[in-house]
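Me: I'm new to this structure and would love a close look at a single part: the place where the two chains meet. Could you walk me through it?

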2 protein chains.
Amino acid sequence: MTTQPLSPTPRTTVTRGRNRMLDERAVLHEVLADGLVAHLAVTVGEGAAAHPLVLPTAYAVDPDGPDEAGTLYVHGSVAAGWLRASTDRTVCVTVTHLDGLVAARSSFHHSMNYRCAVVIGQARLVEDDAERARALDLIVDHVIPGRSATLRASTRKELAATSVLAVALLEASVKVRAGGPVDDPDDVVDGTWAGHLPLRLVAEAPVDADDASAPVPADVLDRARSLGRA
Amino acid sequence: MTTQPLSPTPRTTVTRGRNRMLDERAVLHEVLADGLVAHLAVTVGEGAAAHPLVLPTAYAVDPDGPDEAGTLYVHGSVAAGWLRASTDRTVCVTVTHLDGLVAARSSFHHSMNYRCAVVIGQARLVEDDAERARALDLIVDHVIPGRSATLRASTRKELAATSVLAVALLEASVKVRAGGPVDDPDDVVDGTWAGHLPLRLVAEAPVDADDASAPVPADVLDRARSLGRA
């Protein structure tokens with residue numbers, strides 16, 4: 001962990017809705033810990049043809065990773081274009097939780113409740129074998145805690161087919177909105193409703209693969225339980 | 001609607017995992033219709049300092065909008081930096097549904113089930129008053145169908161504070177993964193489990209604002225019902 005402020009540069013300084021900005025590293029780590037999918041944006045193409053591309057991806061966080069303020073990891077096929085385009089370039093990784101829909105009396109004050117973490121940094125291709133193996137375990141365990149310890153080691157062929165990128169958690173911002181609508185006082189008249197609809201991601205019962213020949217393991221059941229069952 | 005192929009240019013031609021790519025405009029519209037939040041990526045900064053930024057945002061689709069193949073709309077404060085940076089620039093808008101976690105016998109074959117639509121195009125600042133008003137209604141109604149008709153008209157001040165961006169649905173790609181893991185045959189041995197954990201976003205009971213003085217309206221109840229109740 002670090003004593004660096006969450007946004008040491010203007011790139012991650014929130015300019016709009018500063019009341020929803022939280023300058024606390026602990027909140028950043030909570031939002032990242034609760035997420036399952038990140039949206040990674042990279043610039044692809046060159047010159048006038050350059051444009052941003054944003055794709056969903058699994059990820060993991062190592063608070064004690066080698067980068068300043070900890071390390072965020074993503075992985076992909078060595079053949080993935082977005083991964084090659086990201087290497088040694090500045091990327092943006094955003095993790096968003098949609099927590100609710102906010103219904104006000106006016107169109108203008110409709111909103112959503114959310115928690116959103118934005119991390120900006122140069123993507124480093126992880127070349128050290130030990131760091132790469134650890135990052136891949138962390139990604140599996142981020143999705144289903146405890147699972148990597150139950151699996152065989154990755155083969156040399158599997159490792160050769162997989163690239164891992166690391167982004168320092170140094171430059172980040174977190175925004176959170178919660179609660180009900182904020183209506184204009186003039187719109188609050190008797191006989192009108194406003195409020196919010198909380199949302200959450202839940203797990204249904206685990207589905208066995210056709211070739212499964214054992215009961216659902218504890219790690220998968222725990223994952224379902226921690227998300228909340230449908 | 002259009003008879004254009006979903007990806008008329010290489011920018012949205014999927015190069016990896018082509019088996020998960022769906023070249024059907026109907027599927028694109030389904031994935032966009034089911035989503036609540038888009039992740040919009042834009043290049044901010046200039047020259048060597050340019051980098052991508054990706055933020056979550058509400059959106060709506062007008063299949064009969066003025067752009068070729070229909071129009072995707074997002075909105076924001078006129079003061080929002082990402083919105084100014086997007087205008088007349090190429091942006092990428094991605095809508096992702098996380099449908100499940102896939103637990104295989106190997107780390108390598110762990111995966112997620114998802115539906116993901118990626119739209120790339122030049123963002124046009126909507127300046128026509130009628131198109132702007134329609135787009136704002138569509139965004140409210142995308143989140144809570146039928147709601148805009150129950151609200152007062154936006155004031156001139158509210159409209160002046162809000163910018164709307166339009167992106168043509170011409171260049172897009174859709175990828176879908178569903179079902180259980182695909183394990184290496186050697187890993188499928190007696191006494192091992194594999195499978196997947198379906199996930200879904202559900203609504204909890206609507207929460208009244210402190211100043212609500214009417215029962216929860218039908219549009220909000222319908223939205224909760226269509227998402228599925230917790």
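Reply: Happy to! Let's begin with the contact as a whole: 79 residues of chain A are in contact with 79 residues of chain B. Please keep in mind that this is a predicted model.

Several elements of chain A share the work. Strands S1 (38-44), S2 (51-57), S5 (90-103), S6 (111-122), S10 and S11 (207-208), along with helices H3 (129-143) and H5, each supply at least two residues of the side that touches chain B. The element that gives the most is S10(A), with nine residues. Sorted by class, the residues on this side of chain A are 48 nonpolar, 20 polar and eleven charged.

How do the two copies sit with respect to each other? A turn of 180° with a shift of 0.0 Å along the axis lays chain A on chain B, with an RMSD of 0.0 Å. The two copies are therefore related as by a two-fold rotation axis. In chain A, the C-alpha nearest that axis belongs to A:Leu201, 2.1 Å away from it. The contact surfaces match too: 100% of the interface residues of chain A are also interface residues in chain B, so the copies meet through the same surface.

Now let's follow S10 (195-203) itself. S10(A) pairs with strand S11 (residues 207-208) of chain B in the antiparallel sense, over two bridges. Within this part of the picture, A:Gly195 stands opposite B:Asp208 in S11(B).

S10 also leads us to helix H5 (residues 218-227) of chain A, where A:Val220, A:Arg223 and A:Ala224 are buried. These three cover an arc of only 95° around the helix axis, which puts them on the same side of H5(A). In general, an α-helix has 3.6 residues a turn, so residues three or four places apart point the same way. What covers the buried residues of H5(A) comes from both chains: it includes S10 of chain A together with S5 (90-103) and S10 of chain B. On the face turned away from the buried side you will find the exposed residues A:Ala218, A:Arg225 and A:Ser226. After H5(A) comes A:Gly228, whose phi is positive, near 100°.

It helps to place these elements within their own chain. Chain A is divided into domain 1 (10-183) and domain 2 (200-230). The C-alpha centres of these two domains of chain A lie 25 Å apart. Their contact takes five residues from domain 1 of chain A and five residues from domain 2 of chain A. On the domain 1 side of that contact in chain A, there are two nonpolar, two polar and one charged residues.

Finally, let's cross to chain B and look at one residue there. B:Ser107 is found in the loop between S5 and strand S6 (111-122) of chain B. Is B:Ser107 buried or exposed? A residue counts as buried when 20 or more other C-beta atoms lie within 10 Å of its own. B:Ser107 has 22 C-beta neighbours inside 10 Å and therefore counts as buried. Setting aside its neighbours within four places in sequence, B:Ser107 is in contact with A:Leu136, A:Val140, A:Ser148, A:Leu151 and A:Ser154.

Key:
Residues are numbered from 1 along each chain as its sequence is written. Chains are lettered from A and ligands numbered from 1 in the order in which they are written. This is a predicted model: local features need pLDDT of at least 70, side-chain atom pairs count only at pLDDT 80 or more; totals for chains, interfaces and linings use all residues. Copies are superposed by least squares on the C-alpha atoms of residues with pLDDT of at least 70 in both. Two residues are in contact if their C-beta atoms, placed from the backbone, lie within 7 Å. Domain bounds come from an automatic or database domain assignment. Ala, Val, Leu, Ile, Met, Phe, Trp, Tyr, Cys and Pro count as nonpolar, Asp, Glu, Lys and Arg as charged, and the others, Gly among them, as polar. A residue is buried if 20 or more other C-beta atoms lie within 10 Å of its own, exposed if 12 or fewer, and partly exposed in between; C-beta atoms are placed from the backbone. Helices (H or I, at least four residues) and strands (E, at least two) are DSSP runs, numbered from the N terminus. The arc is that of the directions from the helix axis to the C-beta atoms. Two strands pair if DSSP finds at least two bridges between them.
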